[in-house]
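Below are my comments on the assembly, set out as numbered points for you to check against the coordinates. I have kept the criteria beside the values that depend on them.

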There are 4 protein chains.
Amino acid sequence: MSEAPSLRGTWYIVPTPFDGAGELDPASLVRLVEAAVTWRVDGLTVMGVMAEPGALSTGERASALQAVFDANHGRLPIAVGCSGGALATTLELIGQARELGASAAMVAAPPLFRNVDQLPEYYRQAASAGLPLVIQDEPNATGVVIPVSILLAAATASGSRTMKIEDPPTPPKIGRLLAGNAELDIFGGLGGVSALGELRRGACGTMTGFAYPEILRAIRLRIEAGKSREAGVLFDRYLPLIQFEAQQVIGLGIRKEVLRRRGVFTTHRTRGLTASLDGTTLQELDELFDRLGMVPAAEPFAPA
Amino acid sequence: MSEAPSLRGTWYIVPTPFDGAGELDPASLVRLVEAAVTWRVDGLTVMGVMAEPGALSTGERASALQAVFDANHGRLPIAVGCSGGALATTLELIGQARELGASAAMVAAPPLFRNVDQLPEYYRQAASAGLPLVIQDEPNATGVVIPVSILLAAATASGSRTMKIEDPPTPPKIGRLLAGNAELDIFGGLGGVSALGELRRGACGTMTGFAYPEILRAIRLRIEAGKSREAGVLFDRYLPLIQFEAQQVIGLGIRKEVLRRRGVFTTHRTRGLTASLDGTTLQELDELFDRLGMVPAAEPFAPA
Amino acid sequence: MSEAPSLRGTWYIVPTPFDGAGELDPASLVRLVEAAVTWRVDGLTVMGVMAEPGALSTGERASALQAVFDANHGRLPIAVGCSGGALATTLELIGQARELGASAAMVAAPPLFRNVDQLPEYYRQAASAGLPLVIQDEPNATGVVIPVSILLAAATASGSRTMKIEDPPTPPKIGRLLAGNAELDIFGGLGGVSALGELRRGACGTMTGFAYPEILRAIRLRIEAGKSREAGVLFDRYLPLIQFEAQQVIGLGIRKEVLRRRGVFTTHRTRGLTASLDGTTLQELDELFDRLGMVPAAEPFAPA
Amino acid sequence: MSEAPSLRGTWYIVPTPFDGAGELDPASLVRLVEAAVTWRVDGLTVMGVMAEPGALSTGERASALQAVFDANHGRLPIAVGCSGGALATTLELIGQARELGASAAMVAAPPLFRNVDQLPEYYRQAASAGLPLVIQDEPNATGVVIPVSILLAAATASGSRTMKIEDPPTPPKIGRLLAGNAELDIFGGLGGVSALGELRRGACGTMTGFAYPEILRAIRLRIEAGKSREAGVLFDRYLPLIQFEAQQVIGLGIRKEVLRRRGVFTTHRTRGLTASLDGTTLQELDELFDRLGMVPAAEPFAPA
């Protein structure tokens, strides 16, 4: 484990932008990378669940990855979601990520994987593809519940030190994992809804797609500075938006709409069956912005 | 449907109090009923999922129900959770509830019920037991995902007009149900985490165990008065506590601890494997109370 | 572990008989116990999943249990299904079973139990109720997938030596468990559909509700005598009936119908929503009996 | 619906062969197509669940598909499994299948798709890609349970007439579907374990990967000729092999091993974590062949 790099801090999970015709929109991706740099995040994660990887063709996936790596040109470390339907495809995705220059590969259990006793071996083989792994525990997306004992064994078997835990309630699970192996770096996720509690239990950061990652960063910095109460006040203030974005199914569109309002994306389209948000949801977002005193950008985001 | 009574408003789901030895604590139940009356809730729901009905013996269930009905003596309408493992036990529970004088029986699908096409018939037969039904849609607790079309058919088949929807995201599901049958009365639940959105989409109220139901009531009254912004401000303010209580697994203990701090319960014990909250969780609650300006009661709750 | 008794062989899981009006039919239970003795099974299991415990009232459960224990009067060891919705109810059921004189309590994970890391502690506490446990691994009925590592830990924590494995494919899982702890006694179940493979991998027997348990016994005796081919021929011959009975949902009614044809039950009623088998299913069973050369009993079963 | 072609009979689902190094083995695929023609199946299905599509790279998928279409050169109709993770990828896969000359696209619900009310719209849009659909109901592989009412609505919305039902017990579900829409052509699957019952309830055939499809064909022909008893005798005789192959997880390797013994494949390798069968399983298969009087081929399969 000692050789694996330590990934920590506030990582931003990049969603995939589509234009008004539903096509991949690389220009928005470029703007997003620039914005993320100014937001001072510690890393980017591309092709996470939120990137709709299952809705992208192979060519689109490659284009989107290339656009992010090109725009970043080495400024931020990048983790790539490499969760295949089976080991063979996972290994192929990790190989591609390595060639692009990724810092890590994030790998969840294959969907509906039944025999979780085999997961340590699965991760051991995945690690052989040559990138540090982020072991992702995401039962909502995979249908696979993984016990703490198996996660610990998977980290040991694969020589991994990084996990992302999204099996709620996340704070106690993170606590149990760290009690079992204090050297682990464990990210919280789930849109940040439990970020405060996760950081309090020793999480190394938050890796999620909340569209104001600088807020999550500010919370983390206060926790790290021992200013718990200030962290809590900040978390409380923005929780309504964090939670509104974190809703299942419709949350991704909301998140893209926030990015649109920040001048980064040009549409909030997703590749769900209902590509657009309904009027009520948009109005709720208007009102939330109003109540929180948040102001949409006047013009497209551009680096200073 | 025209004959079924309309249940609406802010209903409070009663948790089951245990004393320091883990035994049923009827005195705390009595205090809770008195408190609920002063909180001006519109009804009580007993033996919901949150009451840990699966962890009570038959005798304890009967004692707890009796204690609530006795303490209430007709002041508030009472719905009783009557979800059995199969129709026969559901009918038996409804029969018991009717004898106690319940206003309604809340019935979820049996755990892991597979053939949801049979649910309309299930509810039709459940309705034959002589109480109005609250059709509860609670996939987290039952493992059963119920489509809107089946819920609508279940309401029609059983002559029911009341539902409680806890399949997130709840606001759009409530919207779809009302689009299909505008006469339905649909409660939100899930601890109130989406109460604002649910009420905005036409929910008739919130039926949940959040330990400050008067806050949910205040939000609802503002929505009903057309004061959306005020409702939103109130919701935002208390969302950190709503969400902290709504955590899976540990949320029930937190909720009981809040009731303890309000002078109503004497312990926060649950019948989960870990009966007590850990120190970190208690400290988080302390800090949350501090940040929100909430003050524990100086002495046990007593009606004025 | 050394103190726990060894349960082995062909155990028969007792279904609950209902009369034409759907009421509990104790006389059929008495006949069934007598029949099971003549079938030379090694033990009885009552209140397993197949007994429809979720569809029985508390009083019916007590009556059915009493009828079986009375009819048996000590001839066969009896295991009682004691799977409650939570530890408290499980302990209560075990206490009742112990008072009746049960030899063991069969306990599955509570429905939809999420944190399987807690199962060893769950079983440890369950064992404190004073009966040897049969640790039942039944994901179809509980929604809980349990890794081999956790099952082994549960056996150790609770001092249990007996398991019943119903997570298909069962033969390799039984092999992995015995590789981890060779002292375990592991029953197969699932209606016997994999009985041959289970016994080949070292299962101590079959515990299931197949309505001709003497066939499963004959297969086991041949395996134990090293006559694998004979065991296989016997298994092949009756597999069509084993599998027909083992169908999900409708299988229980089929099984009761076979008991009716054997002169033991008077109806095939279940407490499922569709209490009776349809005509096609009954005709399929007629044809199957015809093809296998099985003959319904001419008159009600009576001990010689 | 009148314009969609009628797919009926005994269809064979093609598994993907790998060589000793784990690489795609197109020569075995060619042999398999030739063999399937001599077995007189009514059609081929490629890239079904059994083909391990999640374990193939994009290039391997394309190569395997091309090899099958080339080897077949129009002799048999071919359905292609086109189940993507979302509509966009499903549409892309259907487009590719159409270009290859497929007769139909088999489409299951996306994994863990939650809102089944949207499935009729999903299939409506999938049908717009220009191939007749086989609506596949496969909850074990997808985690999605689909009610009969939704399946019927999906057929209507998409103008589809063909389904493949693998939600056990399949015979009554097929019966309910045909009661709702008598014009449907409904295949059974699940390795053929319920083929007899499915055909008795009106299934139009069996579409599965059982490695002796000519046996399933013979059963079907007897049912169609009104020779139920003969069909039953045949089904009973081979059920031990049908069931042995149909085991979850290890069944695919067994099936490939049978193809190896028939001279068609050169290895039984899968891309599961355990690529090879263990010795016990192979011995069980030896014994099963012995008991059933089946004889491995003396040399590689070659068309007459």
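1. The contact of chain C with chain D takes 32 residues from chain C and 32 residues from chain D, where contact means heavy atoms within 4.5 Å. The area buried between these two chains is about 2500 Å², of which carbon and sulfur atoms give 44%; buried area is the accessible area (1.4 Å probe) that two parts lose on being put together, summed over both. On the chain C side, Arg200(C), Arg201(C) and Arg291(C) lose the most area to chain D, together 24% of what that side buries.

2. This is a predicted model, in which local features need pLDDT of at least 70 and side-chain atom pairs count only at pLDDT 80 or more, whereas totals for chains, interfaces and linings use all residues. Residues are numbered from 1 along each chain as its sequence is written, chains are lettered from A and ligands numbered from 1 in the order in which they are written, and side-chain values use heavy atoms, with hydrogens and water left out.

3. Between chain C and chain D the rule finds 10 salt bridges, a salt bridge being a side-chain nitrogen of Lys or Arg within 4 Å of a carboxyl oxygen of Asp or Glu. Glu287(D) and Arg200(C) form a salt bridge through their side chains, at 2.5 Å from N to O. There are also 16 residue pairs in polar contact across this interface, both residues at pLDDT 80 or more; a polar contact is a pair of N or O atoms within 3.5 Å, and within protein one must be able to donate a hydrogen and the other to accept it, while residues adjacent in sequence count only if both atoms are side-chain atoms.

4. The elements of chain C that give two or more residues to the side touching chain D are H7, H8, helix H10 (228-245) and helix H12 (279-292), helices being DSSP runs (H or I, at least four residues) and strands likewise (E, at least two), numbered from the N terminus. By class, that side has 14 nonpolar, nine polar and nine charged residues, where Ala, Val, Leu, Ile, Met, Phe, Trp, Tyr, Cys and Pro count as nonpolar, Asp, Glu, Lys and Arg as charged, and the others, Gly among them, as polar.

5. On the chain D side, Gly232(D) is found in helix H10 (residues 228-245) and touches Arg291(C) and Leu196(D), not counting residues up to four places away in sequence. Why does Gly232(D) count as buried? Its relative accessible area is 0%, and buried means under 20% relative accessible area, with exposed over 50% and partly exposed in between (1.4 Å probe, protein chains only).

6. Asp236(B) lies in helix H10 (residues 228-245) of chain B and counts as buried because its relative accessible area is 10%. Leaving aside neighbours within four places in sequence, Asp236(B) is in contact with Pro240(A), Leu288(A), Arg291(A) and Leu292(A).

7. For the contact of chain B with chain C, 24 residues come from chain B and 24 residues from chain C. These chains bury about 1700 Å² between them, 66% of it on carbon and sulfur atoms. The count of salt bridges here is zero, although five residue pairs are in polar contact, both residues at pLDDT 80 or more. H3(B) gives the most to the side of chain B that touches chain C, with four residues.
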